[in-house]
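Biologist: Could you take a close look at one part of this model for me? I'd like to hear about one helix and how it sits in its surroundings, and then about the pockets.

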Amino acid sequence: MSSPTAKPAWRALAAHQQQRNHLHLRDLFDQDESRADKFSLSVGDLLLDYSKNLVTDETLSLLMQLARETGVTELRDRMFTGEAINNTEQRAVLHSALRNLNASDFKPDVGSVLDKMERFSASVRDGSWRGSSDHRIHDVVNIGIGGSDLGPMMACEALKPYQQDDIKVHFVSNVDSSQVCETLKLLKPESTLFIIASKTFTTQETLTNAHTARDWFMRQVGDENAIARHFVAVSTNAEKVAEFGIDTDNMFEFWDWVGGRYSLCSAIGLSLAIAIGMPRFRELLAGAEMMDQHFQNAPLEQNMPVILGLLGIWYHNFFDAETHAIAPYDQYLYRFPAYLQQLDMESNGKSTRRNGETIEDYHTGPVIWGEPGTNGQHAFFQLLHQGTCLIPVDFLAAVHSQNQVGDHHRLLLANCIAQSEALMRGKTEAEARAELAAEGLDNETTERLLPHKIFSGNRPSNTILFQKLDPRTLGALIALYEHKVFVQGAIWNINSFDQWGVELGKQLAKTIDAELRGEETDARHDASTRALIKYVKQ
């Protein structure tokens, strides 16, 4: 498959979009009282209401046709059976095997690593794992970057109500020394455990932070042998791990068929397992596996990741919506937009098709961004409601709060539901005029304010509700968005599982770092780069 734009369904969708430009979501709801029931779907504890989208039965039929014509189901099946669909690196894509109890049929080491995580996390939690001076561990520091940081950090924040009170988990990722220094100020070496998360154990940012942490530890403890009781690794490079001073018995393996941004369910989740306990970590795996099974087996028309993926295609490629907002009405999910940002933009930020052809006739990955409600309402929602750009939104909310205090949660849910309705309905000129008249304003003031009080509405959103944000629900949400990203990458005919764009800046940084140290290189920089290097050195 080359360009999806050559498919009959793509051409039909383009014509359909032009024909339905005059439709307003208000009218669609007025014309069909069953619209909300028709365009909603439940999977496990998740309810997806996608009725506030600019779609009709015909739209959805054409989108499903596009999925079939672009081979979404065939590529999905190849992924789940372990074929090397990451064709630029010749790797399988089997993050789903991390949470499939039957995965041991062809990946037997998955279960053994999970069991090793269980033994180790339990020993830290119950105090049987002691530091070098026989102190219990009270602080765990995860040192990683990208998927080795964002996933476990997001999940630890999301599942904070399930954490053990006497163990605090910290995350260090930025090579900016401020982060590691501010974290170390909070710690005592005798009761701190560091998890160094790096597949190759050569990642520059991670190893720089790891050595800073090691130096801090050694300055205060002074015993090389103590390293083994305070540092463990999540890696595949036993030689480098041992060289650092970590006992390789305390190295937790993961594999090249697990991409970094898909790795939370692997040993990369060790910090999460320590925080919430391995039984609850396995609940997260079960929730993700439930969504995996749904994605594999549900018909396209009732398939939640497929529906979300196709709706994204509809807006990005046929309405020129360049961004997509994530608005979790749950403070515990405050890092979820950043997590999805990496998942989506690192996966589908590509301009080359799987066969190496340059993409010139359609756009791929949108910009993903967002913040929790209700904070977002007092920040960027103005743009969502009255800006000149169309920006689809995903609203996420729990029906029940982890902290039921007074009226807080009812007000939170009221705001979440109201925002999606306001984006859909808008406010007509007649409604705005009546509202101003009810305020008793004179005609001149009314006419002056009237244009500013009108909301066009007709702005699409999805709402995802769940009973409570628990480990199983979080696992299902993670897998839901993983597979949404997969669907879109399949339609765009790109490889969603490599990330070559990360490499160029790293390569140039090594050269510039050498120059900042005063070393001579044969690099030829542009005038701006030369000037910046000169300024820093001076």
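Modeller: Let's start with α20: 21 of its 22 residues are buried, so this helix is largely enclosed by the rest of the structure. Buried here means under 20% relative accessible area. Keep in mind that this is a predicted model. α20 runs over residues 471-492 and reaches 32 Å from its first C-alpha to its last, close to the 32 Å you'd expect at 1.5 Å a residue. Right after α20 comes N493, with a positive phi near 60 degrees.

On to the pockets. The largest pocket holds about 1,100 Å³ of space. It's lined by 40 residues, and T203, Q499, V502, E503 and K506 are the closest to its centre. Among the helices, α7 (147-158), α9 (204-221), α15 (336-348) and α21 (503-516) each put at least two residues into that lining. If you're thinking about chemistry, the lining splits into 17 polar, 13 nonpolar and 10 charged residues.

The second largest pocket comes in at about 370 Å³. Its lining counts 19 residues, with Q331, S401, H408, H409 and L412 nearest the centre. Helix α17 (residues 408-425) gives the largest share of that lining, five residues. By class, the second largest pocket is lined by 11 polar, six nonpolar and two charged residues.

Definitions and conventions:
Residues numbered from 1 in each chain as written. Predicted model: local features only at pLDDT ≥ 70, side-chain atom pairs only at ≥ 80, totals over all residues. Heavy atoms only, no water. Helix = DSSP H or I, 4+ residues; strand = E, 2+ residues; numbered from the N terminus. Expected span 1.5 Å × (residues − 1). Buried < 20%, exposed > 50% of the residue type's maximum accessible area, 1.4 Å probe, protein only. 1 Å grid on protein atoms, 1.4 Å probe; cavity = no way out; pocket = protein on both sides within 12 Å on 5 of 7 lines; lining within 4 Å. Points joined across faces, edges and corners; volume = space filled by probe spheres on them. Nonpolar A, V, L, I, M, F, W, Y, C, P; charged D, E, K, R; others polar.
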